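Trainee: I want to learn how to read a single residue in a model. Can we work through one case?

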Amino acid sequence: MVVAITHFKSLFSEYHHGPTSYIHMLSKPIAEPRDTAIHQDDIDKLKQTMTQSVKKMSSKLAFYGSHSTDKALQLNHLAYYMKQNVYFVDCKQLVDKYDKYIGETEKNLSKLIAQAGSESWILFFDEADALFGKRSTVKDAHHKYANQEVSYLFKHLSQYPGLSILSLTKKSKLENIQYVVDSVISFR
């Protein structure tokens, strides 16, 4: 969604559309990091995550909450501190474009993660709730494959040698993935 990326691209000096409409590149944070409204224990989790990521260890975070500005500020801080570019994936657009074709979302995520791994980027999945829609019950073959796509995503993210962040707004979606992320950072 175009509105979502506007909160984020204003904090980076370089912005480029990626190879497809749902991918954006953000680089060179434009300002010193600013404080965001998060709890002290979340700050400690972020420090630990940054340390792991700098050592090329897989780190998966969930940014939970509806405050896009604070999420953007925190992403800016991470990119600034780690001196890395952000590979911004608009999950809503990705799913809208490929959800009707079984296996297409999975194939595109695979290419994306492989390229990000070779470039050492921060992977940011905005509106990640869209990836987990209609996934709880298997009513037909399409839902079965949708569950496989989610499993596939987490398998590849656990092998990704860097930081990946899933931005979520729905509590039910967060509860479904809490066990596969290293930390949850809560925003207002």
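Trainee: Does Q84 count as buried or exposed, and why?

Mentor: Start with the caveat that this is a predicted model. Buried means under 20% relative accessible area. Q84 has 13% relative accessibility, so Q84 counts as buried.

Trainee: Where does Q84 lie in the chain?

Mentor: Look for the elements on either side. Q84 is in the loop between α3 (68-82) and β4 (86-90).

Trainee: Which residues does Q84 touch?

Mentor: Leave out residues up to four places away in sequence. Then Q84 touches S53, A79, S120 and I122. With S120 there is also a polar contact: the two side chains are joined at 3.1 Å.

Trainee: What about α3 itself, which residues are buried there?

Mentor: The buried residues of α3 are D70, K71, A72, L73, Q74, L75, N76, L78, A79 and M82. A79 is also one of the residues that Q84 touches.

Trainee: How do I check the span of α3?

Mentor: Compare the expected span with the end-to-end distance. At 1.5 Å a residue, the 15 residues of α3 should span 21 Å. The end C-alpha atoms are 21 Å apart, so the two agree.

Trainee: What happens just after α3?

Mentor: Check the backbone angles there. K83 takes a positive phi of about 55 degrees.

Trainee: And the whole protein: how many helices and strands?

Mentor: Seven helices and seven strands. In sequence order, the pattern is α-β-β-α-β-α-β-α-α-β-α-β-α-β. Of the 188 residues, 47% are buried. The exposed surface is about 9300 Å², with 52% supplied by carbon and sulfur atoms.

Technical notes: Residues numbered from 1 in each chain as written. Predicted model: local features only at pLDDT ≥ 70, side-chain atom pairs only at ≥ 80, totals over all residues. Heavy atoms only, no water. Helix = DSSP H or I, 4+ residues; strand = E, 2+ residues; numbered from the N terminus. Buried < 20%, exposed > 50% of the residue type's maximum accessible area, 1.4 Å probe, protein only. Polar contact = N/O pair within 3.5 Å; in protein donor to acceptor, adjacent residues only side chain to side chain. Contact = heavy atoms within 4.5 Å. Expected span 1.5 Å × (residues − 1). Areas by Shrake-Rupley, 256 points an atom, 1.4 Å probe, with all protein chains shown as cover.
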